[in-house]
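Trainee: Please give me a close look at one part of this model, residue by residue, and then set that part beside the rest of the chain. I would like each term explained where you use it.

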Amino acid sequence: MVKHIIDTHLQQVSSWAGADSMEEGLVLTDRLTADNQSSTPQRMNFILMALCQAGEAHYAIDTREQTVKPGDLLFISERHIVDHYRISPDFKCQGILLSTEFYHSFVLNVKNVSSLLLFSTKNPVVPLTPQEIETYGNYYHTIRQKMTDTTHHYRVELVKALLLAMFYDMSGVIWRVEQQGSKAQTRADVLFAQFIRLLEENFRTERRVSWYAQQLGISPKYMSEVVKSVSKRTPNDWIDHYVVLELRVLLKNSTKSIKEITEYLQFPNQSFLGKYFKEHVGVSPSEYRKR
């Protein structure tokens, strides 16, 4: 029997008991309780990071079974499908959930995103050291305190700065796990990582799937099969993802004019860029910049 997949959005999560939220796109909660369990596969339209403090959680992400125990950090990026979610009655965690729009508003460059994406694809659950647990907990409590202080004039900017610092600080986890090299990589994992790194370096000037396949020494068809099997996205999806992310960053965090951005990313003209951006984001580049 084929299950119907439902889309889960951050607005739904913000209504959970025990959750604090910011309308800009951030939710913090320590109560992912049995009330939030679902037997229906859910496509996550937000980013979820959570540290398990007590109990256990079991779920499948893109059909791969996962178990989370105390001291484990789980990470789920957008568009992945979570199924068979069940937790013990005593499950407790420190969960940070962000809309992709909010996340993109404070990341400084594409490389920050790609390293996290690659890491979470291979390591959706990671046991933390006592020091890393303390670090995460300190950020969690500070961010929650600041986001609920609605009297602070720079509340949003302060929360964004704290989140960015936390992502940089927790990147030490990525370095530690990769140095240990405990997880054996399949050929598909290696090819996907190579594709993402090539993409990171060349998406501003090269957007043909055939070009990336040629650099990897494989056929476009085989590359598409590998990328789809590992990430549940096509190579074109990834190319668009990187281009749109770069556009978001440039529009929000640079003084480049839209004409300069058009030339920098080698779009044929501003009209083409405008149509491309609106197709993927829903608003024009100028509207997005004014938000």
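**From helix 10 to helix 12**

Mentor: With a relative accessibility of 45%, Lys-259 counts as partly exposed, a class that lies between buried, under 20% relative accessible area, and exposed, over 50% (1.4 Å probe, protein chains only). This is a predicted model, in which local features need pLDDT of at least 70 and side-chain atom pairs count only at pLDDT 80 or more, while totals for chains, interfaces and linings use all residues. Residues are numbered from 1 along each chain as its sequence is written, and side-chain values use heavy atoms, with hydrogens and water left out.

Lys-259 has a partner in Glu-263, the two forming a salt bridge whose closest N and O atoms are 2.8 Å apart; the term requires a side-chain nitrogen of Lys or Arg within 4 Å of a carboxyl oxygen of Asp or Glu. Both residues lie in helix 10 (residues 258–264), 4 residues apart, or about one turn of the helix. An α-helix has 3.6 residues a turn, so residues three or four places apart point the same way. Glu-263, at 49% relative accessibility, is also classed as partly exposed. Helices here are DSSP runs of H or I with at least four residues, strands are runs of E with at least two, and both are numbered from the N terminus.

In the loop between helix 10 and helix 11 we come to Gln-266, which has a positive phi of about 55° although it is not a glycine. Most residues other than glycine have a negative phi. Elsewhere in the chain His-84, a residue of strand 9 (residues 81–87), likewise takes a positive phi, near 55°, without being a glycine.

Helix 11 is capped at its N-terminal end by Asn-269, a side-chain oxygen of which lies 3.2 Å from the backbone nitrogen of Ser-271. That is a polar contact, meaning a pair of N or O atoms within 3.5 Å; within protein, one must be able to donate a hydrogen and the other to accept it, and residues adjacent in sequence count only if both atoms are side-chain atoms. The helix itself has 12 residues (270–281), which at 1.5 Å a residue should span 16 Å, and its end C-alpha atoms are indeed 16 Å apart; the expected span is 1.5 Å times one less than the number of residues.

The buried residues of helix 11 are Leu-273, Gly-274, Tyr-276, Phe-277 and Val-281. Seen down the helix axis, these buried residues fall within an arc of 165°, so they line one face of helix 11, the arc being that of the directions from the axis to the C-beta atoms. They pack against helix 9 (235–253), helix 10 and helix 12 (285–290), where contact means heavy atoms within 4.5 Å. On the other side of helix 11, Lys-275 and Glu-279 are exposed.

Just after helix 11, Gly-282 adopts a positive phi of about 100°. Beyond this glycine, the backbone nitrogen of Ser-284 lies 2.9 Å from a polar atom of the side chain of Glu-287, a residue in helix 12 that is partly exposed, with a relative accessible area of 43%. Between the C-alpha atoms of Glu-287 and Leu-251 the distance is 10.0 Å, although the two residues are 36 apart in sequence.

To set this part beside the rest: the protein has 12 helices and 11 strands, and 51% of its 291 residues are buried. The salt bridges number 5, and besides the one in helix 10 they include that of Arg-144 with Asp-20, at 2.7 Å from N to O. Arg-144 lies in helix 4 (residues 130–147) and Asp-20 in strand 2 (residues 19–22), so this pair ties together parts that are 124 residues apart in sequence. Another joins Glu-132 to Arg-176, with 2.8 Å between the closest N and O atoms. Glu-132 lies in helix 4 and Arg-176 in helix 5 (residues 155–180), so this bridge links parts 44 residues apart in sequence. Glu-132 is buried at 12%, as is Arg-176 at 17%.
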